[in-house]
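Got a few minutes for some structure reading? Work through the exercises below with the model open beside you, and try each one before peeking at the solution.

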Amino acid sequence: MTLLDRALVQMLPAVPRPVVQRLSSRYIAGPELDDAVRVVQELNARGRMATIDVLGEEVTTPEETLLLVDEYRRVFDAIRDVGLDSNVSVKPTGLGLSIDRDLARENIAEIVRCAAERSSFVRIDMEDATTTSDTLEVYRELRGEGLDRVGVVLQARLRRTLDDVDALADLRPNVRLCKGIYLEPADIAFEDFDEIRSSFVAVLRALLDAGCYVAVATHDDWLVDRALELLGERGLGPDEYEFQMLLGVREALGDALVADGHRLRIYVPYGRRWYEYSMRRLQENPRIATYIALDTVNRLIPGKRSVPA
Ligand SMILES: Cc1cc2nc3c(=O)[nH]c(=O)nc-3n(C[C@H](O)[C@H](O)[C@H](O)COP(=O)(O)OP(=O)(O)OC[C@H]3O[C@@H](n4cnc5c(N)ncnc54)[C@H](O)[C@@H]3O)c2cc1C
């Protein structure tokens, strides 16, 4: 990132919400389930699978968490009725983790039961490091209850992650591996770009050694190449792993993976609680300055082409 980009990232919290919403529209399907259905249909037609996420991490009351569970029931119905190639992703805090851990576990269990009835699958997203232990414990408890159609996320940024792989190995978890978006203190997280990459490769190797199904979630060409080497060395077939990318990010890299016969799943968020997700995406856009400049030009000169993908 350039100095200007970095400076703009610091200033993003001061940007008015309507501007954030416009800038981040490429990362979000829209406010309604119908928007997600339309986007997933388009992705499926282009050979991509999807995982639908209902935005809702700003939840503060138990009642709101139950509404989110209901919304996931609607998502599963839509997946079945429309015949979408998609599973779902859930955020533990949206389902009550910071209100009451047992409430979150029961809500996630209910969504996994719904998934199991429809031969679908639930990915439990990983949030900031204050939630890691609880999230992994909830996952272990669900598996202990015989709920298998569920997977977790591990973050290469965290120093604990190789130990987490060891601790989970007996479950042979289905894991999405990502760098980790939440900035954490140096005593618990790698901060250097190359250290995070090295950790990603080490964790991926450990997961494959443990016989786990891995979803490699990155837009980093270098990591995609390392992953392809590791998967190739083990002779894994295309249905024994998948790549994952976020909606609106590095589509050409996704095209190349799909053209080479790899499975690619796109993370498709929708909903009215778009602000926090949008801020995280904008903060990691390395061309945020260009992006804001083009958005400004577009507003000043109506009809001008929108910001680049
Ligand atoms: C499917 C999926 C699910 C995820 N789930 C989680 C999760 O549960 N918990 C969690 O902490 N993190 C999650 N992440 C986010 C992840 O941790 C990283 O923050 C994010 O993917 C960026 O890291 P990267 O590996 O792509 O590498 P980076 O080095 O950040 O990005 C590589 C390149 O991708 C492009 N790029 C990346 N982000 C953007 C963007 N927003 N806009 C435009 N270009 C961009 C840029 O060209 C950049 O140089 C997820 C990511 C994916 C793909």
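## Exercise 1: Helix 8 and helix 9

Helix 8 (residues 193–209) packs against helix 9 (residues 221–233) at an angle of about 25°, and their axes are 11 Å apart. Keep in mind as you look that this is a predicted model.

Task: work out how helix 8 and helix 9 are oriented to each other, and find which residues make the contact.

*Solution.*
- Step 1: start from the angle of about 25°. Angles under 35 degrees count as roughly parallel, so helix 8 and helix 9 are roughly parallel to each other.
- Step 2: check the hand. Helix 8 passes helix 9 in a right-handed crossing.
- Step 3: list the contact. Helix 8 brings Arg197, Phe200, Val201, Leu204, Arg205 and Leu208, and helix 9 brings Trp222, Leu223, Arg226, Ala227 and Leu230.
- Step 4: sort those residues by class. You get eight nonpolar, three charged and no polar ones.

## Exercise 2: Helix 3 and helix 4

Task: find the angle at which the axes of helix 3 (residues 33–45) and helix 4 cross, then say how helix 3 lies relative to helix 4.

*Solution.*
- Step 1: follow the two axes. They come within 11 Å and cross at roughly 40°.
- Step 2: name the arrangement. With that angle, helix 3 is oblique to helix 4.
- Step 3: add the hand, as before. Helix 3 passes helix 4 in a right-handed crossing.
- Step 4: look at who meets whom. Leu33, Val37 and Gln41 from helix 3 meet Arg74, Val75, Ala78 and Val82 from helix 4.
- Step 5: sort them. The contact of helix 3 with helix 4 has five nonpolar residues, one polar and one charged.

## Exercise 3: Helix 5 and helix 6

Task: describe the crossing of helix 5 (residues 101–117) and helix 6 (residues 132–144), and count the charged residues in their contact.

*Solution.*
- Step 1: the axes come within 10 Å and cross at roughly 50°.
- Step 2: that angle makes helix 5 oblique to helix 6.
- Step 3: helix 5 passes helix 6 in a right-handed crossing.
- Step 4: on the helix 5 side you'll find Arg101, Ala104, Arg105, Ile108, Ala109 and Val112, while helix 6 offers Asp134, Val138, Glu141 and Leu142.
- Step 5: four of the contact residues are charged, six are nonpolar and none is polar.

## Exercise 4: The barrel

Task: trace the order in which the eight strands close into a barrel, then place helix 4 on the sheet.

*Solution.*
- Step 1: go round the strands. The order is 1-2-3-4-5-6-7-8, and the pairing is parallel.
- Step 2: note the twist, which averages 30° from one strand to the next.
- Step 3: bring in helix 4 (residues 62–82). Packed on the sheet, helix 4 touches strand 1 (49–54) and strand 2 (86–90), and its direction makes about 155° with that of strand 1.
- Step 4: zoom in on one pair. Strand 3 (residues 122–124) and strand 4 (residues 150–155) pair in the parallel sense over two bridges, and Arg123 stands opposite Gly151 in strand 4.

## Exercise 5: Around the ligand

Task: find which strand gives the most residues to the shell around the ligand.

*Solution.*
- Step 1: count the surroundings. The ligand has 24 residues around it, and the closest are Asp125, Cys178, Thr218, His219 and Asn285.
- Step 2: pick out the strands. Strand 4, strand 5 (175–178) and strand 7 (241–246) each supply at least two residues of the shell.
- Step 3: choose the winner. Strand 7 gives the most, with three residues.
- Step 4: split the shell by class, which gives 11 nonpolar, six polar and seven charged residues.

Note on methods: Residues are numbered from 1 along each chain as its sequence is written. This is a predicted model: local features need pLDDT of at least 70, side-chain atom pairs count only at pLDDT 80 or more; totals for chains, interfaces and linings use all residues. Two strands pair if DSSP finds at least two bridges between them. Helices (H or I, at least four residues) and strands (E, at least two) are DSSP runs, numbered from the N terminus. Axes are lines fitted to C-alpha atoms, for helices over the stretch in contact, and angles run from 0 to 180 degrees between N-to-C directions. Two residues are in contact if their C-beta atoms, placed from the backbone, lie within 7 Å. A residue is near a molecule or strand if its C-beta atom, placed from the backbone, lies within 6 Å of it. Ala, Val, Leu, Ile, Met, Phe, Trp, Tyr, Cys and Pro count as nonpolar, Asp, Glu, Lys and Arg as charged, and the others, Gly among them, as polar. Angles under 35 degrees count as roughly parallel, over 145 as roughly antiparallel, 65 to 115 as roughly perpendicular and the rest as oblique. A crossing is left-handed if the near helix is turned anticlockwise from the far one by less than a right angle, and right-handed if clockwise.
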